[in-house]
Amino acid sequence: MTFYVTTPIYYVNSSPHLGHAYTTIAADVMTRFQRLVGTEAFYLTGTDEHGSKIAEAAEAAGEDPQAFTDRISQRFRDLLPLLDVENDFFIRTTDAPHKAFVQQVAQRMYDKGDIYKDTYSGWYCTACERYYNDGELLEGNACPIHKRPVEHMEETNWFFRLSAYKERLIAHFDANPEWIVPRAKFNEARGLIDQLEDLSISRSSITWGVDVPWDDSQVFYVWIDALFNYASALTYAVEGEDLSAKFWPPTVQVLAKDILKFHSVYWPAFLMSADLALPEQLFIHGYLTVGGDKMGKSMGNALDPFPIIEQHGPDPLRFYVLREVQFGSDGAVSQEGFERRYDTELANDLGNLVSRSASMLVKYLGVDGVAKVPAVPADSAVRASAEATIATWRAQMTELDLSGALETVWVFVRELNKHVEDRAPWALAKDEANAELLATTLGELAEGIVTVAHALSPVMPSTSVKVAAMIGVDAGALQQWSWGIAEGRDVTKPSPLFPRLETAKA
Ligand code: MSP
């Protein structure tokens, strides 16, 4: 079994913001989890660089489109290591092998009779790169999404026989009720199939795109070019090797609802026409919102990821977006929200648990500043709880309930903190008669902390390694969780994990 995950390829008409980072982080967390459980995984992200929207942005910047896309695409690429994202390939739709792939696939669809010439007139929104019907527009002929006037266009273009795929699409939805999650998005997508019209897939008005191989007066519409990135990438990600046989089709494609229609209707129809297998699942997550609106180009700085990463590294931000916003629903993010979670959950709940547990181990069991983690009796209630935590966490991660999985870990973190309060090791240490209970308690805390480190590792990779190291467990040992990993390890005085923001500010 293999795991292939994709993010949308991002438009290079503007710089990356936290909304893009969100999808990229989520897909990275899925990939890291799959690798942790031993599945071979491939993670693809990249940039979408053709179409009139990009051509216009390049012109506005006074740059040649290729130079412009090179520059902005690089910003998306630079963000990946800052976020600690381990993608396997970064695709650009201006890559020569991608363009050749699109031409080849389209030729196949054309030869099959699925592509024909026709004249079309309608209302076009450049920002959406799509036509709208009269009924869909707002007052003043404005785009319902961008709220700005659309243009009336008439073009003779190549059309894809989308309507011919209606029955097959319906059959696919009926047979695969989990192919789009969450359920509400499945229903929304299913509703779109009822009114299918053929789709214009080429443009004569622009030149910035992939040439239609049988008609040099036209370039392909950006979406047919863009969607096939998910397939083309596998053919040239590794030089001299075609990974398609191993990884196609995608296990899960992660995206937000803004591009649901393209992925849930056009994409499967294109694939059917091209005789390629359909993705197993689309996961539609919600929007990060700021003041009730979708975070976007103009609002990207409402929560600027860069200073946060500079100050704290990527882990607190990765944690924050997945913890604050239920994965699959919309949710508000803010600087204050980040600081609150950082202080209460990272500095207090997790940071204190680790530092006081390690300190007590050294203080009560240490010889020359080094303590050995004691063994824990098999009937420990903390052990039972750790095992249940891992089982639930694993099931939730498998189901892509990333926020639910974090909550499961947090319930356990709080339980461990409560265990410290209930057992009060400082009181036990006062009486030699309690030595065994003291050792057991400290052993339970150490094993519990390693359990937390294992389960947090997809979300906070370097924090997990640091946490485990404080219990003497190295990164390699952390890969395979079992109760008892900590036993016999050397613990020394801990160093601070999450300096508190209040103190940092004071
Ligand atoms: N280029 C197309 C996608 C082509 S895929 C074959 C595109 N690009 S985009 O730059 O607009 O990126 C849209 C995606 O960015 C969303 O689907 C989502 O994954 C992510 N997000 C952008 N803003 C976001 C939020 N405010 N909240 C959540 N996700 C956000 O569409």
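Colleague: Which residues come nearest to the ligand?
Modeller: In this predicted model, the ligand is surrounded by 25 residues. By class, that shell divides into 14 nonpolar, 8 polar and 3 charged residues. Those that come nearest to the ligand are Ile9, Thr23, Asp48, Asp258 and Met295.

Colleague: Which residue has a polar backbone atom 2.8 Å from a nitrogen atom of the ligand?
Modeller: Two polar contacts involve side chains and oxygen atoms of the ligand: a polar side-chain atom of Thr23 lies 2.7 Å from one oxygen atom, and an N or O atom in the side chain of Asp258 is 2.8 Å from an oxygen atom. The contact to a ligand nitrogen atom, at 2.8 Å, is instead made by a polar backbone atom, and that atom belongs to Leu288.

Colleague: How much of the area that the ligand exposes when taken alone does the protein bury?
Modeller: The elements that give two or more residues to the shell around the ligand are β1 (2-11), α1 (18-36), α7 (222-227) and α8 (229-236). Taken alone, the ligand exposes 670 Å², and the share of this that the protein buries is 95%.

Colleague: Is α12 roughly parallel or roughly perpendicular to α15?
Modeller: Helix α12 (residues 315-324) packs against helix α15 (residues 402-423) with the axes 8 Å apart and at an angle of about 105°. Because angles of 65 to 115 degrees count as such, α12 is, relative to α15, roughly perpendicular.

Colleague: Which residues of α12 make the contact with α15?
Modeller: The residues of this contact divide into 5 nonpolar, 1 polar and 3 charged. From α15 come Leu402, Ser403, Leu406, Glu407, Trp410 and Arg414, while α12 contributes Phe319, Leu322 and Arg323.

Terms used
Residues numbered from 1 in each chain as written. Predicted model: local features only at pLDDT ≥ 70, side-chain atom pairs only at ≥ 80, totals over all residues. Heavy atoms only, no water. Near = heavy atom within 4 Å. Polar contact = N/O pair within 3.5 Å; in protein donor to acceptor, adjacent residues only side chain to side chain. Areas by Shrake-Rupley, 256 points an atom, 1.4 Å probe, with all protein chains shown as cover. Helix = DSSP H or I, 4+ residues; strand = E, 2+ residues; numbered from the N terminus. Nonpolar A, V, L, I, M, F, W, Y, C, P; charged D, E, K, R; others polar. Axes fitted to C-alpha atoms, helices over the stretch in contact; angles between N-to-C directions. Parallel < 35°, antiparallel > 145°, perpendicular 65-115°, else oblique. Contact = heavy atoms within 4.5 Å.
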